[in-house]
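Reader: Please give me a close look at the interior of this model, with its charged side chains and whatever strand belongs there. Plain statements with cut-offs will do.

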Amino acid sequence: MKLSIIMSGVFLINPCLCVFGHQGARVVVSRSFADFTPQASFDIKKCDVHRLEEGPPLKAELTREQGLQYYRIMQTVRRMELKADQLYKQKIIRGFCHLYDGQEACAAGIEAAINPSDHLITAYRAHGYTYTRGVSVKEILAELTGRKGGVAKGKGGSMHMYAPRFYGGNGIVGAQVPLGAGIALACQYQGNDQVCVTLYGDGAANQGQLFESFNMAALWKLPCIFICENNQYGMGTSMERASASTDYYKRGDFVPGIRVDGMDVLCVREATKFAADHCRSGKGPIIMELQTYRYHGHSMSDPGVSYRTREEIQEVRSKSDPISMLKERMLSNNMASIEEFKEIDVAIRKEVEDAAQFATSDPEPPLEELCNHIFHNNPPLEVRGTNPWVTLKSVS
């Protein structure tokens, strides 16, 4: 511990500051990074397993740098989604909009366990993964508001965002699952040691195309991690009312599975590492069920309290919030200071506010660009039926 005595004013030394006053003098106690615990080991919840002799480990190592990184990712996604909620209510964002707040540990934990060269495809609740796959908050919010600076040039909206090795946001329930199996087939064909993470919700878990995909992936031993983000509710109803069996991790029957605490970023990270190792070793696909929770309704048109109580949502927020859980772990193990978290929060709020400013001032794409990028690497072609008086051309 280092002491600095300053006779006039206060000398601020981050990351932690305590100030005591006596007869005009200020004693400032500063903590260097050496004062923090650089690494700690945490007990994590045991996973339920199906057709596996053993599951992921029961302990997880966390470095201070990793913890702060996970916190930044989850807090950024949370703030971005809350801003999207605000813009939607102001009618600046229109159409469908499915928010991810509450489920941030899933995206952060999965990304922490796979490589940037691995592939990921998800359903329409896609904003969090768009961010973790490398797209800026500014481009995501601009896409939500339909501006030309959006990640899909303002033409995709909430459900159709893309990035390198990220194949969207897909609007048709469950349709991304066979696509993910196809991406995994490409990985196997090319022999590049990559895996495809294929995500779907509990509401899509009863789709026939899922079981067809499981069957083909098992037959061909595809390196595919099928992940059910079970946020407890489909569109307007609970999982118990929609599924005869809610053991989604067992739904592959002949495909092994694990059920994971999806509110704990360390649990998700360790389980995903386990699943990725399983796939890379040539054992074929694996199913993960992440037990998580969405704070908003199914979409912005769903208030989310007609089929569940406000008290239930508040209880999850107070007892199982993924961001609060990580923050408390780090604070109780002297891995960071309250002041550090406050500084991170301030920086994230500014980033999101600046992004929202861009998303509300950037122009919409002009009409002549409406039909561009229909095909890849094609010469310009006329697009019929777009307007009785105008013929638009598509430019790749």
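Author: Arg78 and Asp321 are both buried, which here stands for a relative accessible area under 20%, while exposed is over 50% and partly exposed lies in between (1.4 Å probe, protein chains only). The model is predicted, so local features need pLDDT of at least 70 and side-chain atom pairs pLDDT 80 or more, whereas totals for chains, interfaces and linings use all residues. Side-chain values rest on heavy atoms, without hydrogens or water, and residues are numbered from 1 along each chain as its sequence is written.

The side chains of Arg78 and Asp321 form a salt bridge, with 2.9 Å from N to O. The term covers a side-chain nitrogen of Lys or Arg within 4 Å of a carboxyl oxygen of Asp or Glu. The two partners come from distant parts of the chain, 243 residues apart. Arg78 belongs to helix α1 (residues 64-89), and Asp321 sits in the loop between α9 (310-320) and α10 (322-332). Helices (H or I, at least four residues) and strands (E, at least two) are DSSP runs, numbered from the N terminus.

By this rule there are 16 salt bridges. Another of them joins the side chains of Arg259 and Asp247, again at 2.9 Å from N to O. Arg259 is in strand β10 (residues 257-261) and Asp247 in the loop between α7 (239-242) and β10, so this contact ties together parts 12 residues apart in sequence. Burial differs across this pair: Arg259 counts as buried because its relative accessibility is 16%, and Asp247 counts as partly exposed because its relative accessible area is 26%.

Arg269 and Glu270 make a further salt bridge, where the closest N and O atoms are 2.8 Å apart. Both Arg269 and Glu270 are buried. Elsewhere, salt bridges with shared partners connect Asp48, Asp247, Lys250 and Arg259 in one network. Arg259 and Asp247 of the pair above are thus part of that network.

Now the strand. Strand β9 covers residues 224-230, and 7 of its 7 residues are buried, so the rest of the structure largely encloses this strand. In a regular strand, side chains alternate between the two faces of the sheet. For β9 both faces are covered. One side carries Cys224, Phe226, Cys228 and Asn230, the other Ile225, Ile227 and Glu229, and all of these are buried.

What runs beside β9? Strand β8 (residues 196-201) is parallel to β9 and joined to it by 6 bridges; two strands count as paired if DSSP finds at least two bridges between them. Within this pairing Val197 stands opposite Ile225 of β9. β9 also pairs in the parallel sense with strand β11 (residues 286-291), over 6 bridges. There Asn230 of β9 faces Gln291 of β11.

The connection from β8 to β9 involves a helix: β8, helix α6 (residues 208-220) and β9 form a right-handed β-α-β unit. Right-handed describes a path from the first strand over the helix to the second that runs clockwise when the strands point away from the viewer.

In short, the buried residues include charged pairs such as Arg78 with Asp321 and Arg269 with Glu270, along with every residue of β9.
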